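The following exercises concern ligand surroundings and a chain interface. Each task is followed by a solution in steps.

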Amino acid sequence: MPPSSDTTVTQWQFLTQAEAETIEAVCERIFPNDDGRAGARDARVIVFIDRAAADEDEALRLCYREGVQALNAFSNDVYGSPFAKLSGDAADSLLERIENAESSTHPDVPHPLATFFALVWEHTIQGMFCDPKYGGNHDTLGWQLVGFPGAQWGYNAEQMKPGFDSTIIPIKSLEDLRNELRGANA
Amino acid sequence: MPEKAEAIVVGLGASGGIIAEQLTKAGMRVLALDKGPMHSNEEFTFKHDEVKYYSRGSLVPQLSTDPVTWRPNEATEAQLLPWAAGVRGNSEPLHLPPSIGPGGGTLHWGGASWRHRDSDFHMKSLIEERFGPEALDGDSTMVDWPVSYGDLEPYYDKVEWELGVSGQAGNVKGIHNPAGSPFESDRQREYPMPPLRRAPADDRFKAACERLGYRPFQQPAAVASTDYKSLKGCEYCGFCHGFLCHVNAKQSSRITSVEMALQTGNLEIRSSSRVFRLNRDATGRSITGVSYFDADGVVHDVESDLVVVACYALENSRLLLASGINANGQVGQNFMTHSFGWCTLVLPEFSNPFMAPLVAASVVDDLNCDGVPDNDEGVLWGSVLTSIPGDLQPIEAAHNLPPGMRRWGGEFKDWFSENYRKLMGIHNQIPSFPTKRYYCDLDPVVKDKFGQPALRITHDWSQHDVAALNYFEKIKRNIADEMGATQFWSEANPPAYHLSTHEVGTHRMGENPADSVVDIYGESHECKGLYVVGGGQFPTLSGYNPTQTLQALAYLSADRILEKV
Ligand SMILES: Cc1cc2nc3c(=O)[nH]c(=O)nc-3n(C[C@H](O)[C@H](O)[C@H](O)COP(=O)(O)OP(=O)(O)OC[C@H]3O[C@@H](n4cnc5c(N)ncnc54)[C@H](O)[C@@H]3O)c2cc1C
Ligand code: SF4
């Protein structure tokens, strides 16, 4: 299954297709689309994660690889099926158990999972709100969701009045800024 | 034949840049060594990148290459800074040593630019007069400053006019202007630039503070409000604190002092050059040069009888210790830092916190210094209280959620998409007091990849810090209520971090060589020709940000080197 709703198949840089599906299922519980508004899957957070894993160090890659295995083992133990196949409620209750293990020692939660979940949380946030050049925040969906205009050269006095509705400012990414400068220099 | 230099400046940050500029302007040939990279114009222009600068902390030293360890007390084993090591993929760049490379901490600083008040120079006397000699605990090593506000005033003026600070003066030669600070000590003239435009939510903050009887005024800022010298007027882009400035509005030594030094033709900069040892003659009484690793790890020696070490308070003390320059045992002692008591508010209207620099803000200074009213909490010394209405991007915002709310799932998504645009912050800067208990030394175990020992920090928040944080939290909550905030929460007290980017005191200046490391000009008591400059010189930390004061001290050091004082 491709990581987002369109039909192109993603070429993964580091993840396997099965790993991508598991991690994306976690991302989608962190930032769900259960209200018709963009979630982690729509924003292609998993593409961000795949590239981050490829770009950063071995320890990070290991954390993903082992984390996926541990998560599926835990999920199989508790529900008899891998994580990506769980219902939303079942997935949430598993993640809650993992998250609680962060602050106390839960002998029933496998060790690397708390770190794994904390890492996926961190990267889901980054993948939702990064500049689109990182592969996440597809079509600036994350920025649109929260009303952030993205990479702007600046704001004027009118826009800086209290209560101003920033969603009327056209959103820009770094690529837009580059193109503007190229245009200006052409 | 080893290479020789007329003068060596190690570290081209806030203070090193100033000294390099003053020396080169006077005709000296200066070799500057900085361990960080020379950041390119391309990086400055396209700095609107939260993953690169916030999440990956690309401007700041990483714990993997520049390890620093911490322990709360001597009975505990030190570990790599736990609040910054965090989850893989986030290095928490705001609680690590400052950004590196020519420009140093002023590449990504916020630019709150403060003169101390007269009273900051007499903290110890004023506390003891008011609360009695027993008020400071038995381990206290607090002393008054060996220089006064009056000694530094010409240098504060120089920082403002040479480098560029915007603001509204409140007290020019004793003539008060109610639009400026009602509390500032006499200054000889106005700021060179008017105050910045304030961020959207600041009107509401200021009005609420006035209704509560405070006298808020605008934060003096090392951010240009108009074109000034090498600075351009701020564009209010909001990728400011923690980022480079794409228009050169933020006063960074990279574009002010370092640029001016380069223009003299007398400055040679070697970036990615990490000094690891300060070399002395056989008696140990005179400096002879430095040894450094280049980018490939190759060792180079350069000789000079004038070496200025300006690597920030932490690395300054580490270098002295690693070089064995610590005859009186005072290097690394008296570690001080700020706790912020960071509070977050949700406002009833859009605050658009992604606009404007951090310092397009207002300050309540009524409770700072000895102006803190008598109180039951036992607070001996106050702090500034500052609005933080701008400069907040979504990734950073998602790391500071109201306690008790689940950080993921539909509830989190709804909360964040509804409220990101309504956030603002208020914070203080509670100065920790110097004591025998809190200090830096060399970690006996942890080393960097060159085999050099890491700095180890022994520090915990004191009863006084916790009391002051509690005291000010009530004030901030009150202001938030008056502002009509719909939600309000505070960071943990005591905080998880022990570095605030305002570390000072670790190579204290003083007149007595027995109980201080450098003299008032920053020259080592122990080793002639060696200047060690920056916030490490401070005898006490004030409730204000430290940089304008350490910049002023750098001008004073340069005057001394050039034999003008
Ligand atoms: C996020 C952030 C926000 C801040 N905001 C404010 C603010 O609003 N107001 C304020 O007053 N202060 C602020 N500060 C603090 C300010 O940045 C510092 O006070 C100031 O930069 C310290 O100046 P310095 O000259 O001591 O060192 P730095 O400016 O830190 O410069 C040290 C230099 O030394 C170099 N160096 C370090 N070790 C070596 C070595 N071994 N060999 C060679 N070179 C070396 C570094 O690369 C760096 O360039 C902020 C800091 C941070 C990190
Ligand atoms: S807010 Fe102003 S000073 Fe800060 S980076 Fe943007 S333009 Fe520069």
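**Exercise 1.** State in which cavity ligand 2 sits, and describe the residues around ligand 2.

Solution. In this predicted model, ligand 2 occupies the second largest cavity. The next step is to list its neighbours: 15 residues surround ligand 2, and those that come nearest are B:Lys47, B:Cys234, B:Cys237, B:Cys240 and B:Cys245. Sorting the shell by class then gives ten nonpolar, two polar and three charged residues. Cys counts as nonpolar and Lys as charged, so B:Cys234, B:Cys237, B:Cys240 and B:Cys245 belong to the nonpolar class and B:Lys47 to the charged class.

**Exercise 2.** Identify the residues that come nearest to ligand 1, and the atoms that lie at short listed distances from its nitrogen and oxygen atoms.

Solution. Ligand 1 has 36 residues around it, of which B:Ser15, B:Asp34, B:Ala112, B:Glu315 and B:Thr547 come nearest. Turn next to the backbone: an N or O atom of B:Lys35 is 3.0 Å from a nitrogen atom of ligand 1, and one of B:Gly101 is 3.0 Å from an oxygen atom of the ligand. A side chain also takes part, since an N or O atom of B:Asn545 lies 3.1 Å from a nitrogen atom of ligand 1.

**Exercise 3.** Characterise the interface of chain B and chain A by residues, buried area and polar pairs.

Solution. Begin with the residues: chain B contributes 46 and chain A contributes 59 to the contact. The size of an interface is often expressed as the accessible area lost when the parts come together. Here the buried area is about 4,500 Å², with 61% given by carbon and sulfur atoms. Polar contacts across the interface comprise 25 residue pairs, both members at pLDDT 80 or more. Finally, eight salt bridges are found between the chains. B:Arg406 and A:Asp92 form a salt bridge, with their closest N and O atoms 3.9 Å apart, a distance inside the 4 Å cut-off.

Notes
Residues numbered from 1 in each chain as written. Chains lettered and ligands numbered in written order. Predicted model: local features only at pLDDT ≥ 70, side-chain atom pairs only at ≥ 80, totals over all residues. Heavy atoms only, no water. Near = heavy atom within 4 Å. 1 Å grid on protein atoms, 1.4 Å probe; cavity = no way out; pocket = protein on both sides within 12 Å on 5 of 7 lines; lining within 4 Å. Sits in = over half its atoms within 2 Å of the grid points. Contact = heavy atoms within 4.5 Å. Buried area = accessible area lost by both parts, 1.4 Å probe. Salt bridge = Lys/Arg side-chain N within 4 Å of Asp/Glu carboxyl O. Polar contact = N/O pair within 3.5 Å; in protein donor to acceptor, adjacent residues only side chain to side chain.
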